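Let us work through this protein by question and answer. Keep the sequence and the coordinates at hand.

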Amino acid sequence: TDATWSSATQVTGEPAPALPGTPQSMTVTGLSPSTTYYFAIRTADEVPNISNLSNVPSVTTLTPAQADSLLVNTSAAGINPSDNTQVIGITLENSGTSNITITHITVSWTGVSGATRLNGITIGGSQVFSGNSNSGTLLDITDFTLITGAGIYQLNNLDFNRRITGITLNITFTMADGSTKTVSGITP
């Protein structure tokens, strides 16, 4: 409004004025997600004659996909030497400003016997899957929520029914909002 104009945040990087009647546009960056913004324009000439306030359109920025905030670190991935049937050392972290809930996980693998089955998945000390799964099966896990700012969660282990020396893994995480994050070529 005219009354709040002086306290508004000025956008920078606006284009130089073009000839009268020429359409102009610009992109505003650095906006926060899930936030409503209002935009208005005033123009001035060299005198300065200052225009009235333009119309004031508003827009609400989108909420980022949960998968965009999921960080998966596989640099310490290894095979548990005590039995050679568990992948250990993978970590998960929420880098976003909202909680992330993982609802499904798909684990596919190559490099081991065709009779190899995934028997369990544990995240942050909680078993989220127990069963007998083939490679590439979408697993409806017990939902696991990564809290914003809570730090690193251990994907404590992926338990297999037999030795997995030489395995190569691909893991796809599916979030509550339907977004996915795939990490490929994990060679523990």
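The turns below move from the whole fold to single residues.

Q: How many helices and how many strands are there in the protein?
A: This is a predicted model. From the N terminus on, every element in the run is a β element. The count is zero helices and 14 strands.

Q: What radius of gyration does the protein have, against that of a compact globule of 188 residues?
A: The C-alpha trace spans about 80 × 30 × 25 Å along its principal axes. A compact globule of 188 residues would come out near 16 Å. The protein has a radius of gyration of 26 Å.

Q: What share of the 188 residues is buried?
A: Buried means under 20% relative accessible area. The protein exposes about 11,000 Å², and carbon and sulfur atoms supply 50% of that area. The buried share of the 188 residues is 30%.

Q: What share of the contacts with a separation of 6 or more comes from residues 24 or more positions apart?
A: A contact needs heavy atoms within 4.5 Å. Take the contacts with a separation of 6 or more. Residues 24 or more positions apart account for 61%.

Q: How far apart do the centres of the positive and negative side chains lie?
A: The protein has 5 positive side chains and 11 negative ones. Each set has its own centre, and the distance between the two is 21 Å.

Q: Which residue in the turn between β13 and β14 has a positive phi?
A: Strands β13 (residues 168-175) and β14 (residues 180-186) pair in the antiparallel sense over five bridges. In that pairing, Ile-171 has Val-183 as its bridge partner. The two strands form a hairpin with four residues between them. The turn residue with a positive phi, about 90 degrees, is Gly-178.

Q: Which residues of strand β12 point the opposite way from Asn-157 and Asp-159?
A: In a regular strand the side chains alternate between the two faces of the sheet. Strand β12 covers residues 157-160, and Asn-157 and Asp-159 point one way. All four side chains are buried, and those pointing the other way belong to Leu-158 and Phe-160.

Q: Which residue stands opposite Phe-160 of β12?
A: Strand β12 pairs with β5 (residues 86-88) in the antiparallel sense over two bridges. There, Val-87 has Leu-158 as its bridge partner. Strand β8 (residues 118-123) also runs antiparallel to β12, joined by four bridges. The residue opposite Phe-160 is Leu-118.

Q: Where is the cis peptide bond that has an omega of about 10 degrees?
A: Look in the loop between β1 and β2 (58-60), where Pro-48 has its place. The cis bond joins Val-47 and Pro-48.

Q: Is Asn-84 buried or exposed?
A: Asn-84 sits in the loop between β4 (78-79) and β5. Its phi is positive, about 60 degrees, although it is not a glycine. Its relative accessibility is 17%, so Asn-84 counts as buried.

Q: What does Ser-34 count as at 43% relative accessibility?
A: Ser-34 lies in the segment before β1. It is not a glycine, yet its phi is positive at about 55 degrees. The range between 20% and 50% is the middle class. At 43%, Ser-34 counts as partly exposed.

Q: How far apart are the C-alpha atoms of Pro-20 and Thr-165?
A: Pro-20 is in the segment before β1 (36-38). Its relative accessible area is 81%, so Pro-20 is exposed. Pro-20 and Thr-165 are 145 residues apart along the chain, and their C-alpha atoms are separated by 71 Å.

Notes
Residues numbered from 1 in each chain as written. Predicted model: local features only at pLDDT ≥ 70, side-chain atom pairs only at ≥ 80, totals over all residues. Heavy atoms only, no water. Rg over C-alpha atoms; globule rule 2.2 N^0.38 Å. Buried < 20%, exposed > 50% of the residue type's maximum accessible area, 1.4 Å probe, protein only. Areas by Shrake-Rupley, 256 points an atom, 1.4 Å probe, with all protein chains shown as cover. Lys, Arg positive; Asp, Glu negative; His and termini not counted. Charge placed at Lys NZ, Arg CZ, Asp CG, Glu CD. Pairing = 2+ DSSP bridges.
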